[in-house]
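Hi,

Here is the structure I promised to pass on. Have a look at it first, and my notes follow underneath.

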Amino acid sequence: MSIFVFGFIYLTTSFSGTGYFRPEESFMLFGLLTFIQLGLVLFITPGLTAGSISTEREKQTLNILLTTSQSSMQIILGKLSSSIAFLLLMLVAGLPIYSLVFLFGGISPGQLGLILLFFILTMITVGSFGIMFSTITKKTIVSMIATYGTMIFLTGITAFFFIITLQVDMMNSGGIQSSSPMAHFWASINPGILIFTLLNPTTESFVNEMTQIEFPIWLGYTIFYVLLAASAITISVKKLRVNMKKSQ
Amino acid sequence: MIEIKGLTKKYGSLYALNDLNLTLSEGTVFGFVGANGAGKSTTFSILATLLQPTSGDAFINGKSVKTEPHEVRKQIGYMPDFFGVYDQLKADEYLDFYGASYGISGVKRAELIPQLLELVNLTSKRYEYVDLLSRGMKQRLCLARALIHDPQVLILDEPASGLDPRARVEMRDILKQLKEMGKTILISSHILPELAGMCDEIGVIDGGKLIAHGSVSDIQAQLKGERLITVKLKGLTDRAALFFEEDPFVTGLEQNSEKHAITFKYRGTEDDQMRLLKHALQENLSILSFAEQETNLEDVFMEITKGVDSI
């Protein structure tokens with residue numbers, strides 16, 4: 001990230017010919033840094049969480065853990081929080097790079113705080129999915145693939161669906177803008193679009209105008225991701241002691 | 001106290017356990033004997049709350065494994081037949097982690113860990129990485145781990161499997177110490193002589209059914225009263241072999257010409273055996289010794305499970 005920041009500053013100052021760094025360029029740097037950070041979060045979270053239970057199963061340590069007085073909920077939340085703690089440390093370690101952006105101005109600390117909060121929410125949700133797949137699958141590799149698949153769905157496929165749904169709805173209404181709740185939903189659950197709207201509120205107005213739905217993107221994102229995380233954690237807790245379920 | 005009532009575990013049409021009933025009083029050391037796949041580990045997994053029975057129930061100090069698993073877990077120390085360790089932990093950190101999992105305070109854990117390591121003779125390995133310990137040491141460390149919350153009941157699934165003779169003796173000594181501490185211990189093994197010296201009671205399981213239960217001597221008595229007798233002679237004679245073969249209670253007579261010995265199974269009473277010896281001496285058969293061979297658990301197990309079909 002440091003190489004990227006200094007590279008960016010070098011390029012902007014040398015190409016502009018002015019020799020100084022303008023606030024609007026600082027904002028662009030902030031935006032790019034945020035997307036790099038988002039990429040890192042989405043890339044590392046599955047790697048840290050998708051093996052948390054299945055690795056224990058593969059190493060034959062899970063049965064011992066299950067006979068301790070820890071409840072299933074405590075084990076799952078413990079696994080999740082240890083992964084999240086590591087990721088938070090990574091985010092905090094990246095803050096000095098952000099401070100460089102503050103040095104040049106153009107960004108408010110509140111904006112950064114808000115973005116960090118959404119990073120944490122995204123981490124918790126993707127992490128919960130990692131733990132859920134790790135609990136319900138026997139092999140870590142399968143769990144990894146499933147978690148990365150979910151992550152790709154949330155970041156890439158949803159954006160694709162947003163565009164497709166928007167186009168289809170527009171075609172159905174004879175080429176004029178019409179209300180498209182589904183397109184708004186796909187936009188609301190995409191982390192990339194959310195970060196765009198947080199960085200530049202006009203993006204939200206643009207999405208709202210396209211979909212003809214006036215529902216805050218951040219709120220839709222929060223509701224959906226909180227529900228997803230809660231469902232994934234519930235499934236993990238239920239499936240952790242699967243052999244203790246009534247059988248035959 | 002452990003009470004097992006009609007415990008059954010079915011996988012499709014296969015019975016891993018079939019109507020197992022067993023009651024063990026406090027402080028008993030119970031040896032569970034059975035071939036691989038007989039149902040020992042299934043029983044232990046159910047008792048350790050890792051597996052739900054198809055029917056029946058088991059109670060540990062009155063707590064049901066089906067309806068109160070959380071309470072049962074506080075009262076048992078479980079050591080599975082196969083287990084792994086966290087490779088990035090040292091021996092004391094390993095115990096500390098599990099101590100914390102049982103909700104033991106940091107101060108108490110700091111007190112307990114050296115005591116437990118001493119009990120399992122691993123004091124010198126306190127700061128060694130668990131992954132680098134030998135198999136025997138890992139087994140002992142796992143036993144220390146099972147004891148960290150001072151459970152009254154210990155469920156040890158094949159604790160000595162894969163150990164060399166020295167490690168096996170060390171494990172046996174530790175278990176004797178635990179027996180003296182008044183713990184109720186359930187221990188399984190398919191290596192039968194391992195259990196003979198330390199168990200108060202033995203249960204033989206085959207095809208998911210408990211086919212014999214009692215003290216070691218009780219089970220040996222179940223061998224249909226048959227005794228194995230070895231007679232050593234000063235020079236083996238056919239006359240001696242013929243004499244013993246003529247006795248109606250003697251079967252399966254074998255001669256060992258190298259050792260000058262005759263071995264046979266004897267089905268008569270002790271009085272009949274006395275008479276046989278008296279007659280043999282009167283016949284001047286040059287007998288050096290006339291001894292009843294002690295039947296080991298291996299023989300008992302083979303005899304008891306003979307003809308029992310796996311279901």
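Please keep in mind that this is a predicted model. I started with the charged pairs, and the one I would open in your viewer is Lys183(B) with Asp150(B): their side chains form a salt bridge, with 2.5 Å from N to O. This contact ties together distant parts of the chain, as the two residues are 33 residues apart. Lys183(B) sits in the loop between helix 6 (165-180) and strand 8 (184-189) of chain B, while Asp150(B) belongs to the loop between helix 5 (135-146) and strand 7 (153-157) of chain B.

Is each partner buried or exposed? Lys183(B) has a relative accessibility of 5%, so it counts as buried. Asp150(B) comes out at 56% and therefore counts as exposed.

A second pair that bridges distant parts of the chain is Glu283(B) with Arg239(B), 44 residues apart. Their side chains meet in a salt bridge at 3.8 Å, N to O. Here Glu283(B) lies in the loop between helix 10 (270-282) and strand 14 (287-293) of chain B, and Arg239(B) is in helix 9 (residues 238-245) of chain B. Glu283(B) is partly exposed, because its relative accessibility is 40%; Arg239(B), at 45%, is likewise partly exposed.

The third pair stays within one helix. Lys74(B) and Glu71(B) are both in helix 2 (residues 69-75) of chain B, 3 residues apart, or about one turn of the helix. An α-helix has 3.6 residues a turn, so residues three or four places apart point the same way. The side chains of Lys74(B) and Glu71(B) form a salt bridge of 3.5 Å, N to O. Lys74(B) has 41% relative accessibility and so counts as partly exposed, and Glu71(B), with 32%, is also partly exposed. Over all chains, the count of salt bridges is 12.

Away from the charges, I also looked at helix 3 of chain B (residues 91-101). Which of its residues are buried? They are Ala91(B), Asp92(B), Tyr94(B), Leu95(B), Tyr98(B), Gly99(B) and Ser101(B). The cover over these buried residues includes helix 4 (62-66) of chain A, along with helix 4 (106-119) and helix 5 of chain B. Just past the end of helix 3 of chain B, Gly103(B) adopts a positive phi of about 75°.

Happy to talk any of this through.

Best wishes

Methods. Residues numbered from 1 in each chain as written. Chains lettered and ligands numbered in written order. Predicted model: local features only at pLDDT ≥ 70, side-chain atom pairs only at ≥ 80, totals over all residues. Heavy atoms only, no water. Salt bridge = Lys/Arg side-chain N within 4 Å of Asp/Glu carboxyl O. Helix = DSSP H or I, 4+ residues; strand = E, 2+ residues; numbered from the N terminus. Buried < 20%, exposed > 50% of the residue type's maximum accessible area, 1.4 Å probe, protein only. Contact = heavy atoms within 4.5 Å.
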